[in-house]
Amino acid sequence: MMGVLGTAQLGMAPIVAHIFSKNDDGSASFGWVIGRILVVLLMVHVILILGALMVWAERRVSAWMQDRIGPNRVGPQGLLQPLADLGKFMFKEDVIPGHVNKVMYTIAPLIATIPALITFAVVPFTGSYETVGGESVAVSWQIADLNIGVLYILAIAGIGVYGIALGGWASNSKYSLLGGVRASAQMISYELSLGLAVVPVVLMAGSLNLGEIIAYQAENTWLIFTQPLAFFIFLTASYAETNRLPFDMPESETELVAGYHTEFSSMKFALFFLAEYANMTVAAALVTTLYLGGWTFFGLETLGWGMGVLIFSLKVIFFLFAFIWVRWTIPRFRYDQLMNLGWVVFLPLTLINVVLTAGAIALDQTWMFFLLPVLLIAAACVATWIGWKRDEDKFQPLPTAPAAGEEGHA
Amino acid sequence: MADVKTVFINGVEYPFDAGQTVIQVAHENGLDVPHYCYHPGLSIAGNCRICMVEVEGDAKPQVSCKLECAPPPWVSEPLRIQTESELAKSARAGTMEMLLVNHPLDCPICDQAGECHLQDYSYQLGQGQASSSTAKTKLPKNVAFGEKIVYDAERCIKCTLCVRFCEEVTETNELNLGGRGDEEIVIMSSKGEFETDYSMNIIDICPVGALTSRDFRFKSRLWFMDFADSVCTGCARGCNVITGGRNGSMMRMEPRHNADVNQWWMCDQGRLDYRYVNTPTRIATPRIKTADGVWAAATVDDAILAAAAALKAAGGNVLVDGGCTLEEMHLAQQLAAALGGKATYAAATGEADGFLRVAEQGANAAGAELLGLARATKAGAAAVLVVERDANVPQALRDGADAVVVFATDADHVPASAQVVFPFGSSAERDGLFVNTDGRVQVAQRNPGIGPDNLTPPYELLEEILGELDAGYDWHGRDGIVAAIQAQPAFAKISLPAAQATAEVGATS
Amino acid sequence: MTVTVKPVRRRKASFLDRLYLPAIAKGLSITFMRMFKPKVTMQFPEERWTVRDEYRGMPVLVSDDEGRPKCVACSLCEFVCPPKAIFIVPDELEAGNNVERGPAVFDLNMLRCIYCGLCEEACPEEAIFMSKNYLVWGAEREDMIFHKDKLYELGGVREEGVKKWKDK
């Protein structure tokens with residue numbers, strides 16, 4: 001039932017379909033394997049090119065936000081700037097400092113990059129409606145149709161931090177080590193909130209399969225409307241997971257001199273760079289899939305699989321833009337604020353959210369889904385207000401403040 | 001008639017000798033009275049009018065160069081002179097005004113800029129140009145006065161110093177004034193050549209840039225040059241000079257006043273004699289002959305060791321240039337003693353001209369005789385050869401010496417036999433004492449702007465070599481060397497100035 | 001050592017402030033609107049800024065209105081130049097020139113020049129000027145040493161100023 005990216009569905013000529021289809025008994029044929037490899041290669045390149053374009057987009061958008069123009073010399077609108085950057089990275093000397101652990105130092109960028117590329121395997125990027133048992137069901141297309149897609153993503157994304165932590169440790173430098181340690185601490189803190197923010201989604205869709213989550217949203221409503229708090233926390237946590245501002249503590253140029261990749265150069269540095277942008281792409285795709293109905297858009301997707309790709313891309317691009325937008329708006333958190341936000345604010349809120357959602361499902365009171373956002377936002381406000389009352393006197397004016405201009409001597 | 005023996009200048013009473021004029025007394029006592037046409041070595045013309053001073057009681061200012069200090073017979077009080085009063089200053093300003101009417105004010109292209117009296121007084125009086133707006137007269141420029149002198153009539157202020165010099169000092173009368181009014185210029189006799197060999201002195205005495213040297217023309221601005229008080233080593237007269245150089249090149253040589261030796265003058269031959277200093281084949285670093293017969297540059301330390309080794313093997317005499325200093329000659333004697341030979345000096349003989357130039361060309365020949373060095377007249381073996389001037393130590397002597405260690409200024413003067421060659425500074429680059437033909441000891445000072453950088457003084461090199469040859473050698477330093485010379489019986493009646501003494505204190509024997 | 005302490009009166013954070021979200025939304029809207037504002041970047045090689053009158057660019061030598069080089073090699077600029085960027089060898093010019101003296105060599109080392117303008121101030125002939133040229137570059141060190149001909153070419157003709165040698 002579950003549609004994988006089959007050649008027949010792409011409407012190719014029957015002979016091509018025959019070559020790339022499975023054997024009659026359902027076992028993998030040679031042509032089928034070649035076809036899958038081609039598709040995988042295609043998707044990997046899509047992500048790599050997107051990552052490269054993100055570097056360009058980041059520079060252009062940040063320039064616009066600062067009244068500048070940004071790179072516009074290489075190619076039309078500077079679109080070939082990533083190519084120029086790549087050329088520079090390729091020809092830079094690949095310095096391996098004498099004080100590093102060479103093995104770890106060499107594989108750390110790979111460990112950071114590969115998970116970012118392979119998580120995309122389970123993300124549906126388009127689909128079609130098929131009639132199953134008399135009902136029209138949204139069937140998603142992805143590379144690998146895993147029925148534990150959500151768990152797979154959480155598990156693989158967690159590996160990415162090893163690359164950063166290892167890179168920081170193997171560099172044998174104080175700055176790098178601090179960056180690596182920060183990255184792991186941050187990952188542990190926000191992985192919890194991230195996972196707990198997905199739980200209501202899984203509860204409501206009744207499946208860990210991303211395709212089924214989209215099918216549920218196509219049938220009912222986008223989960224952003226019923227789970228706005230979970231959406232918000234997931235979005236925020238994904239910023240922390242991808243080490244983007246305002247949570248880029250592992251890099252924090254001003255304190256750690258680029259943190260975990262201080263000692264890296266040439267293509268090793270470029271791989272770290274690429275991993276960050278690939279992670280952003282995956283995070284944007286996940287938000288789209290989990291909360292914004294993936295490739296669906298109020299019936300517009302029925303026009304064909306191409307429209308599905310377009311809708312999905314636009315949503316992802318919006319969230320990618322949001323990554324950049326937030327980066328150039330909100331300054332970096334202090335580290336204690338970062339931890340405070342993760343453990344004291346997000347964790348309780350997600351837990352309450354899970355309990356409330358589970359309760360609503362158990363009682364089969366679907367109307368409560370519409371009450372939940374209101375309740376949760378109110379709860380969030382109350383919690384903030386309590387915190388405010390508690391800290392109130394911190395912000396009182398100084399009791400013995402002399403008049404302006406006077407000077408006290410200490 | 002009252003016997004007045006003093007004169008008041010600016011309220012201070014100064015004594016004077018009979019016949020002295022006010023400007024002479026003022027200059028003797030360190031007062032600065034401006035002057036163009038006045039020169040202490042020449043007759044007084046009183047035609048430039050810049051030395052005007054106020055005589056108290058007189059309505060009009062008078063020229064101080066012609067004003068005798070002795071008052072008129074009917075006056076019994078000393079004269080009271082004011083050199084800086086309003087009247088004196090306005091009189092000078094008026095004179096400047098007149099001089100600047102036709103002066104082209106082309107200081108940017110004038111070689112005299114920096115040592116020009118007109119420039120100095122303009123600056124002092126605050127007057128940069130004439131207030132007259134009429135066109136300046138056009139007069140001949142770039143006129144050749146002989147081969148060595150360029151005359152610019154526009155700059156000339158007709159002070160007649162040059163004319164008087166040719167009349168009174170050289171008595172050759174090549175120059176005269178021609179034309180009248182503002183077209184009056186200095187003209188040369190029809191021959192167009194100077195008979196005298198002292199013609200370039202008129203460049204020095206010219207207060208403005210009307211007479212400039214063809215040799216020094218546009219070579220360098222004065223303010224870039226380094227100057228040092230030295231002694232001319234062109235002949236044994238030892239005229240006192242000021243050397244001027246820049247960036248390693250010697251630019252010019254000018255006479256320095258010494259009443260007992262050369263007064264204010266020097267001969268053109270000596271003045272232009274400096275050119276050998278700038279030869280392109282100057283030796284800048286020590287050289288050691290390698291196994292394949294090439295002289296390779298070496299460090300001073302290596303060269304000293306090599307020289308000592310070569311001398312130990314060779315032994316023998318030392319032949320020095322007659323232009324060496326007393327210190328160098330003394331050490332050459334020591335070296336010769338250490339090598340078991342004796343030191344000799346070589347010097348050329350020229351022609352005396354009856355005024356300053358003498359026949360003896362070795363600048364320190366008298367010093368060499370005092371030290372007891374014999375004069376080398378024909379070629380003879382010498383292990384060490386010191387040659388500054390080709391004329392003093394000609395090729396025959398150089399080649400005949402078969403020397404292994406050579407101190408030379410010019411690489412072309414190094415004989416083929418040399419194993420070790422040391423750079424030897426020209427006389428402008430060495431400190432030292434010279435004894436002139438009259439037995440007078442004079443000091444020459446090194447000019448830092450001339451010659452290769454970091455030249456080691458020859459007396460240091462010689463002492464180092466002596467130290468290498470004899471472990472028990474007693475180091476002296478320059479002071480010690482001078483003291484050792486002073487201790488010799490020949491110098492009992494001569495007082496040598498200390499090494500640090502400036503050239504002004506040239507002691508008389 | 002005395003430490004001067006100046007207490008600062010802080011505004012008490014309001015409930016909305018503590019909620020952070022309104023401030024974040026406001027910040028996001030500001031940056032978003034900023035994207036559509038006019039840009040200040042100048043596209044440099046194509047667009048050039050207007051150089052003001054008092055701007056001191058690279059020093060150049062100028063010729064008079066008859067196209068004759070004005071420099072007489074008086075060496076005052078060489079003397080006054082604080083970083084010693086100027087090197088002049090004076091020479092006698094042939095008869096028929098406006099002056100009898102001019103530079104045989106006039107080297108301006110732009111690696112040394114500090115654009116102080118003292119050469120322009122010192123020049124009695126108004127022959128050297130601080131141009132408006134701020135694009136001084138060279139691929140090699142030798143390229144940054146500008147010789148006499150190049151300096152006259154850059155300076156061109158300047159009609160005003162002293163013409164001391166006009167009728168000579």
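Start at C:Tyr152, which is buried at a relative accessible area of 12%. Buried means under 20% relative accessible area, exposed over 50%, and partly exposed in between (1.4 Å probe, protein chains only).

This is a predicted model, in which local features need pLDDT of at least 70 and side-chain atom pairs count only at pLDDT 80 or more, while totals for chains, interfaces and linings use all residues. Residues are numbered from 1 along each chain as its sequence is written, chains are lettered from A and ligands numbered from 1 in the order in which they are written, and side-chain values use heavy atoms, with hydrogens and water left out.

**Stop 1: around C:Tyr152**

Stay on C:Tyr152 and show helix H5 of chain C, residues 148-155, where this tyrosine lies. Helices (H or I, at least four residues) and strands (E, at least two) are DSSP runs, numbered from the N terminus. Now select C:Val60. Its C-alpha atom is 6.6 Å from that of C:Tyr152, although the two are 92 residues apart along the chain. Next, show the contacts of C:Tyr152, leaving aside neighbours within four places in sequence: C:Leu61, C:Val62, C:Ser63, C:Pro69, C:Lys70 and C:Cys71. Contact means heavy atoms within 4.5 Å.

**Stop 2: strand S4 of chain C**

Select residues 101-109 of chain C. This is strand S4, and seven of its nine residues are buried. Add strand S3, residues 86-92, which pairs with S4(C) in the antiparallel sense over seven bridges. Two strands pair if DSSP finds at least two bridges between them. Strands of a sheet pair through backbone hydrogen bonds, either parallel or antiparallel. C:Ile86 stands opposite C:Leu108 of S4(C). Then add strand S6, residues 145-146 of chain C, joined to S4(C) by two bridges and also running antiparallel to it. Here C:Leu108 has C:Phe146 as its bridge partner in S6(C).

**Stop 3: from chain C to chain A**

Which helix axes come within 9 Å here? Select helix H12 of chain A (residues 305-327) and helix H2 of chain C (residues 21-34); their axes come within 9 Å and cross at roughly 105°. That makes H12(A) roughly perpendicular to H2(C). The class covers 65 to 115 degrees; angles under 35 count as roughly parallel, over 145 as roughly antiparallel, and the rest as oblique. Axes are lines fitted to C-alpha atoms, for helices over the stretch in contact, and angles run from 0 to 180 degrees between N-to-C directions.

Show the side chains. H12(A) contributes A:Phe321, A:Trp325 and A:Val326, and H2(C) contributes C:Leu28, C:Thr31 and C:Phe32. These contact residues divide into five nonpolar, one polar and no charged. Ala, Val, Leu, Ile, Met, Phe, Trp, Tyr, Cys and Pro count as nonpolar, Asp, Glu, Lys and Arg as charged, and the others, Gly among them, as polar.

**Stop 4: inside chain A**

Zoom out to chain A: 14 helices and three strands. Of its 410 residues, 49% are buried.

Select helix H11, residues 266-291 of chain A. Its 26 residues should span 38 Å at 1.5 Å a residue, and its end C-alpha atoms are 38 Å apart, which agrees. The expected span is 1.5 Å times one less than the number of residues. In H11(A), 22 of the 26 residues are buried, so the helix is largely enclosed by the rest of the structure. After H11(A) comes A:Gly293, with a positive phi near 70°.

Now pick A:Ser238, in helix H9 (residues 228-241) of chain A. A:Ser238 counts as buried at 4% relative accessibility. Not counting residues up to four places away in sequence, A:Ser238 touches A:Leu194, A:Ala283 and A:Phe323.

**Stop 5: chain B**

Chain B holds twelve helices and 23 strands. Buried residues make up 56% of its 509 residues.

Show the open sheet of eight strands, in the order S15-S14-S21-S20-S19-S16-S17-S18, with mixed pairing. The edge strands are S15 (295-297) and S18 (374-375), each pairing on one side only. Strand S14 (residues 287-289) runs antiparallel to strand S21 (residues 420-423) of chain B, joined by two bridges. B:Arg287 stands opposite B:Val421 in S21(B).

Finish with helix H8, residues 326-339 of chain B. H8(B) lies across strands S16 (316-321), S17 (340-346) and S19 (384-387), running at about 150° to S17(B).
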